[in-house]
Amino acid sequence: MTGELVVLAVDGRGREWQEVYMRSPDGAATYKLEGPAISAMRGLHTGQRASVAGRLAAVAAAAAAGIRPGTQRLSVSSLSIVDGPARGSALGNAEGPFASTGAAPPVARYQRRLRQAAAPPAPPPQPPLPVSQLELQAADLPTLVLPVSLQGCAALDGGQYDTPWYGPQDVESVLFERGNASDAWATVGGRLRTCSFNKTSLTRATSAVAPVLRLPCNGTNSGGGNFSSTSCQYDDLVGWMEAGTAAAAAAGINVTRYRHWVVLLPPGNMCPFYGIATVGCADRCVAWVQGGDVMGDSPDAGTDAHPLLHELGHNLFLEHANTYGPNHSIDSYADLSCIMGQCCAARCMNAPHAWQLGWIAPQQLDGNTLPVGQARTASFASQTRTAASGVRINTTSWAGNASDPLYLSLRLPEGGDSQLDSQYHYAVSIHSSASTGSFDPQLTFLLATLPAGASWAHNESGLIVKVLSVLPSRGRATVRICRRVPGLAETRDTCQQAVDGDCDGLAGPADPDCAIWVMPSPSPSPPPAPLPPPMPPPPPPPPASPKGMKSLPMPPPRRPVAPPPSISSGRAEPPPRPRPLQPARTAGHCPLGSTFCSQLATLANQARSRGSPRLPTGAAAACQSWLAHPACAGTGVPCGCSANSSIAGSGVWPPKVSAKGTGTPAVPARRCVRGHATCAARAPNSVCRYWQRGERRGQAVCSGSGIPCSCGVLLPAPPQ
């Protein structure tokens, strides 16, 4: 069967889910599409035409009698998208109040525009970085809010509905700006204008609030489904919407002027959601929002614009803002830096959603502008200051489906972000999203928030991001972005070609990880000592004495006088005998191990907590080769002096594994100086067990503490 989809984002109480419906081509029936094939699909939106195959649940007996059935359940075995939306709305039949206006629906125009647009050629790898700018999705949101009442009707809990306490003017105070710039964040129109940099508006000129509309307690919708005040299913939602728009039209409102219809459900209903909205639109964008959550249950309860903004976001093809939980599970709504996250503090959209709406134009990096091992420095403004903010990194250009594009942004507690949670203040947020454009609804994920000086590694794409600075007064951040080689560690080729393959800021002979493949550059010899000045010429002979005088002879030069001998028992002691030579206990005695130990101590000092004592470096951190088990001074990490006793100076070997306890190592031996430094910065004698994996997927751990470590990245210790 082929038909038009209606995709609903359900913001339930405690969880969220998606429901997909299809109207039959003749409009005689509506089907709820269910099954694994539907649950696994993301990116579906209202207005798409799809072909489905599956099995119907038991058909109602009324259908056999020729009575139009309500919504039926269809277990889908396969679904494929045929085209953009058909003419006419999937929410009503062609003869109903939602018939097509005759022009191609907006989504169809969007889809044609997407198909005709050719991908721009990759920019050359030269500064300044190019920007990624999508076409503005909506400059205006013509919205009709329909406050409805079920006064006197039976409720789900057995009682009766009361008349809502609020009227149209009360709702307008939440919808439209109040003329006071200081509280623009508190209204739907003010937040849209502020967060979009005046690109998207919702004003009295093109939007309206209907009077409170009395609905019938029950009836039949245009699809043949029954609706009732004691139920809360899809047929009920459609019935309330159709009855509400019909009542508004009877009151003299031209409902066809408005692209967005928002049904404000009466307080006290038992529907298990905060709001529901179509993801994208056909001819109309529809949302159902709990009036009690927006207006409160009484005049003293306070109002909240967030539920309206959230559901309008779904109409604009936006999905939820999430984080990842344990075992890569999805923690829905947990990104509190976005309107599409959990209610209710005032904030704007996160970077991927703002980009999708066409509100911001971030700098763009891809496989051409970010070659392997060639770091780029990017400086960008806060997302509250200008639309030219942030960085978008198209990691799919080299990692394929293994990594979604990444977004870097800076957020400050001002403007539309005036109530932004403090964890996002003055920090660089890193998000991911699979969305490819304005009309591709995909989940977004907050991956990290980094203060100045912090680093973050993304193994799926091989990226290392380090925040070099955050300047709150100027509202700017500067980051260093580097792409590692596929193996995430230096190789013979990267070392010999002087490419920073592990993105640690060092390359070739200067990188300690290259010591086994490239000899370090010899230190320059000191300049030769200057030649002593030439000896002065001998003095001329004294002039001849006058007649009658004798010349006096020159006194001989004095010899240095030896100190008097010490007196002991009345006689001088003989000079002491020379002592036998002792083994050298300096860095020069074990240069390979001492070089490793010095580098280890230097890195550990960089990773240590603020206030913790510094470790000795240089010669004071030499490899103590005279010990029974040679170890670095200060850190206690094993070291070695020869290729047979170390891995380029490190004495930390992986255990050998076999049936008898001996045999081949568990993993190839590694120098792992950054991993050992991470562990040594926290506790003496602690090393990185790079052959083990801890609780975090693919993450090695330190001996003794079990904290994560990595041979490729120096992980700073948390502040004490």
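Me: What joins β20 to strand β21 in this predicted model?
Reply: Six bridges join β20 to β21 (residues 444–450), and the two run antiparallel. Two strands count as paired if at least two bridges are found between them, so six is enough. Within this pair, I430 stands opposite A448.

Me: What makes β19 and β20 a pair?
Reply: Strand β19 (residues 406–411) shares six bridges with β20, in the antiparallel sense. One of the bridge partners is H431 in β20, which faces Y407. The cut-off is at least two bridges, so β19 and β20 pair.

Me: Why are β15 and β16 called edge strands?
Reply: The sheet is open, with seven strands in the order β15-β14-β21-β20-β19-β18-β16 and mixed pairing. β15 (330–331) and β16 (363–365) each have a single partner strand, so one side of each has no neighbour in the sheet. The parallel sense appears between β14 (residues 321–324) and β21, over three bridges.

Me: How do you know which faces of β20 are covered?
Reply: A427, S429, H431 and S433 on one side are buried, and so are V428, I430 and S432 on the other. In a regular strand, side chains alternate between the two faces of the sheet. Seven of the seven residues of β20 are buried.

Me: Why is the pair C195 and C348 called a disulfide?
Reply: Their sulfur atoms are 2.0 Å apart, and the cut-off is within 2.5 Å, so the pair qualifies. C195 lies in helix α5 and C348 in the loop between β15 and α9, so the bond ties together parts 153 residues apart in sequence.

Me: What makes the disulfide of C195 and C348 left-handed or right-handed?
Reply: The torsion about its S-S bond is about -80°, so it is left-handed. For C343 and C344 the torsion is about 90°, so that disulfide is right-handed; the sulfur atoms there are 1.4 Å apart.

Me: Why is C338 not bonded to the closest cysteine sulfur?
Reply: That sulfur belongs to C348 and is 9.3 Å away, too far for a bond. The limit is 2.5 Å, so C338 and C348 do not form a disulfide.

Me: How do you know whether C590 and C641 are buried or partly exposed?
Reply: Buried means under 20% relative accessible area, and C590 has 0%, so C590 is buried. C641 has 32%, which lies between 20% and 50%, so C641 is partly exposed. The two form a disulfide, with sulfur atoms 2.0 Å apart.

Technical notes. Residues are numbered from 1 along each chain as its sequence is written. This is a predicted model: local features need pLDDT of at least 70, side-chain atom pairs count only at pLDDT 80 or more; totals for chains, interfaces and linings use all residues. Side-chain values use heavy atoms; hydrogens and water are left out. Buried means under 20% relative accessible area, exposed over 50%, partly exposed in between (1.4 Å probe, protein chains only). Helices (H or I, at least four residues) and strands (E, at least two) are DSSP runs, numbered from the N terminus.
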